[in-house]
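This briefing introduces a structure to a reader who has not met it before. Please view the sequence and the model together with the notes below.

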Amino acid sequence: MSGTVKKSVYKIDCAVPAKEDVIHPSELESFLHDNIKVKGKKKNLGDVVKIECDELTHIITVTAAPSSDGGISKRYLKYLVKKYLKKQELRDYMRPIATSKDTYKLKYFSISTDGNDADDDEDDE
């Protein structure tokens, strides 16, 4: 039997913040290149991890060997995206949300206002 190894493909959808020029997917791609650890070393991607950025759709694709073979897991990728958002001082406004088994989407936190401020103004009169 031949030992074919199934590679994992993860996607990060940056369309919403990229359209508003909040982040640039190419910067996130270079951050991932610099910070993904393979076998305990940064910048040691080799053939184990491949990162591609599609500027038209604003989707970053990470193809990796299974974590048992020195690749990365989806959870580790989420950790790195959060680290990038923290470095850019955007962590208080955005978060990565899992939209499917292999995809994260960067979304803004939804801040709802109760409308109590308008009621307070009416009481003053």
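The notes cover the nonpolar core, a charged surface patch and two backbone features.

This is a predicted model, in which local features need pLDDT of at least 70, side-chain atom pairs count only at pLDDT 80 or more, and totals for chains, interfaces and linings use all residues. Residues are numbered from 1 along each chain as its sequence is written, and side-chain values use heavy atoms, with hydrogens and water left out.

**Nonpolar core**
- The largest nonpolar core (buried Ala, Val, Leu, Ile, Met, Phe, Trp, Tyr and Cys residues joined through side-chain atoms within 4.5 Å) has 26 residues, and Ile 12, Leu 32, Ile 36, Val 49, Ile 51, Ile 60 and Val 62 have the most contacts inside it.
- At least two residues of this core come from each of strand 1 (8-13), helix 2 (25-35), strand 4 (49-54), strand 5 (59-64) and helix 3; helices (H or I, at least four residues) and strands (E, at least two) are DSSP runs numbered from the N terminus.
- Helix 3 gives the most to the core, with 5 residues.

**Surface patch**
- Lys 37, Lys 42, Lys 43, Lys 83 and Lys 87 form a positive patch; patch residues have over 30% relative accessible area and no salt bridge (side-chain nitrogen of Lys or Arg within 4 Å of a carboxyl oxygen of Asp or Glu), with like charges joined within 9 Å and nonpolar side chains (Val, Leu, Ile, Met, Phe, Trp, Tyr) within 5 Å.
- Lys 83 belongs to helix 3 (residues 74-87).

**Positive phi values**
- Asp 21, in the loop between helix 1 (15-19) and helix 2, is not a glycine yet has a positive phi of about 55°.
- His 58, in the loop between strand 4 and strand 5, has a positive phi near 60°.

Definitions and conventions:
Accessible areas come from the Shrake-Rupley method with a 1.4 Å probe; for residues, only the protein chains shown count as cover. Lys and Arg count as positive and Asp and Glu as negative; His and the chain ends are not counted. The place of a charge is taken as NZ of Lys, CZ of Arg, CG of Asp or CD of Glu. Buried means under 20% relative accessible area, exposed over 50%, partly exposed in between (1.4 Å probe, protein chains only).
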